[in-house]
Amino acid sequence: MDRETRDMLLETAGRFFSERSGKDVVNGVEKGVWPADLWKEIEEMGLPLIAVPEAQEGVGGTLADLLALLRVAGEHAVPVPLAETTLANLLVAASGGKPASGPSTLALGGSDLSLQGNRLSGKVMRVPFASVADRFVSVVNAGGKSTLVVVARDEASVEETPSHAGEPYGTVIFDNTPVEFSATSAVSADRALELAALMRTMQMAGAADKVLVTAVEYCKQRVQFGRPISNFQAIQHMLAELASCVAATIASAESASRDADEGGLEEGGSFSIAAAKTQCSDFAHRIAALSHQSMGAMGFTHEHILHHYTRRLWVWRRDFGSEAFWGEKIGQAFAKAGRDAMWPALTESRYAA
């Protein structure tokens with residue numbers, strides 16, 4: 001979609017999330033309450049199909065449109081698997097399938113999954129929204145080729161383990177489980193993991209931005225010794241460092257999103273994605289620490305919304321590869337390319353002036 005249409009969509013989505021995905025809804029999910037009405041409205045808006053071609057009954061947007069939407073969702077701590085479902089639907093559509101309605105999630109197990117005929121076996125840990133999704137979508141290597149598989153939730157076993165943010169994560173076990181749909185995938189298993197990591201970086205960018213806005217606004221309003229605490233030098237130093245960490249998080253996520261969209265679904269922006277997930281995950285700790293410290297006691301209470309974002313940053317940091325995982329990938333790539341490739345890779349840019 002063109003820039004004007006995307007901006008209109010994002011503005012509409014932002015207003016909708018503000019009105020329908022508030023504090024009570026997020027807290028309710030932590031208590032095990034599935035927000036059925038919220039998900040129904042999200043589907044009615046067509047958001048889970050944003051990157052599915054119109055020929056497959058989707059909205060017809062691009063990967064960039066999808067990622068921009070996920071940044072907005074991250075800004076509002078939307079407690080449903082919108083990110084997982086949009087990417088799952090895109091992968092299904094790219095394999096020639098028709099996405100089904102209802103929430104989906106990603107069970108990306110790589111070499112831990114094996115496909116024999118129409119049966120899937122293996123175990124995937126820390127699957128987001130495992131107990132509430134209608135189906136699991138994965139890409140596995142079978143017979144020397146990448147195969148997309150879709151498995152109905154009722155066919156698999158789920159050991160629910162809520163995430164630190166209180167969302168229904170879990171371990172999914174496939175034991176010679178029948179596959180609902182399978183097709184040759186243009187997206188490899190490794191690439192599917194990259195796209196999932198990119199999805200999380202955009203959510204982290206949105207959440208980090210919200211954390212900064214929340215902390216700054218609080219420090220401006222909180223008065224101590226007759227003046228706002230934002231006037232105190234120690235707080236100013238905290239907010240300045242927080243702002244720099246958030247800026248780096250957003251810049252790396254947006255750069256990876258741009259490179260992935262321009263390079264194509266199958267392989268675009270692989271290095272940028274690895275670098276972005278490494279940086280976003282690395283900064284997540286510092287962003288959370290600085291924001292809570294700058295807000296003092298209020299920042300540590302359950303009543304305030306800050307924890308909705310900082311706890312998700314902690315969880316998303318590990319999802320689909322932590323900073324250690326992706327940092328190792330970058331190191332391996334440079335080691336393979338040789339010492340003479342490192343400096344040009346770090347300094348050359350086709351976007352330089």
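**From a kinked helix to a four-stranded sheet**

Helix 8 has a kink of about 30°, centred on Ala284. The model is a predicted one. Helix 8 covers residues 270-295, and its 26 residues should span 38 Å at 1.5 Å a residue. The end C-alpha atoms lie 37 Å apart, which agrees with that expectation. Directly after helix 8 comes Gly296, with a positive phi near 65°.

Helix 7 can be read in the same way. Residues 233-263 form this helix of 31 residues. From the first C-alpha to the last, helix 7 reaches 45 Å, close to the 45 Å expected at 1.5 Å a residue. A glycine follows here too: Gly264, just after helix 7, takes a positive phi of about 105°.

Now turn to the sheet. It is open and has four strands, in the order 1-4-5-8. The pairing is mixed. Strand 1 (104-106) and strand 8 (181-184) stand at the edges. Each has a single partner strand, so one side of each is left without a neighbour in the sheet. From one strand to the next, the twist averages 25°.

Within the sheet, look at strand 4 (residues 135-142) and strand 5 (residues 145-152). They run antiparallel and are joined by eight bridges. One position to find on screen is Val140, which stands opposite Thr147 in strand 5.

Which helices lie against these strands? Helix 5 (residues 82-94) lies across strand 1, strand 4 and strand 5. Its direction is at about 85° to strand 1. Helix 6 (residues 189-221) also packs on the sheet, touching strand 1, strand 4 and strand 5. The direction of helix 6 makes about 140° with that of strand 4.

Finally, go to the N-terminal part of the chain. Two packed helices are described by the angle between their axes and the distance between the axes. Helix 1 (residues 3-20) and helix 3 (residues 36-44) pack at about 170°, with axes 11 Å apart. An angle over 145 degrees counts as roughly antiparallel. Helix 1 and helix 3 are therefore roughly antiparallel to each other.

Which residues make this contact? From helix 1 come Phe16, Phe17 and Arg20. They meet Asp37, Leu38, Glu41 and Ile42 in helix 3. The contact of helix 1 with helix 3 holds four nonpolar residues, three charged ones and no polar ones.

Technical notes
Residues numbered from 1 in each chain as written. Predicted model: local features only at pLDDT ≥ 70, side-chain atom pairs only at ≥ 80, totals over all residues. Heavy atoms only, no water. Helix = DSSP H or I, 4+ residues; strand = E, 2+ residues; numbered from the N terminus. Expected span 1.5 Å × (residues − 1). Pairing = 2+ DSSP bridges. Axes fitted to C-alpha atoms, helices over the stretch in contact; angles between N-to-C directions. Contact = heavy atoms within 4.5 Å. Parallel < 35°, antiparallel > 145°, perpendicular 65-115°, else oblique. Nonpolar A, V, L, I, M, F, W, Y, C, P; charged D, E, K, R; others polar. Bend = angle between axes of the 7 residues up to and from the residue.
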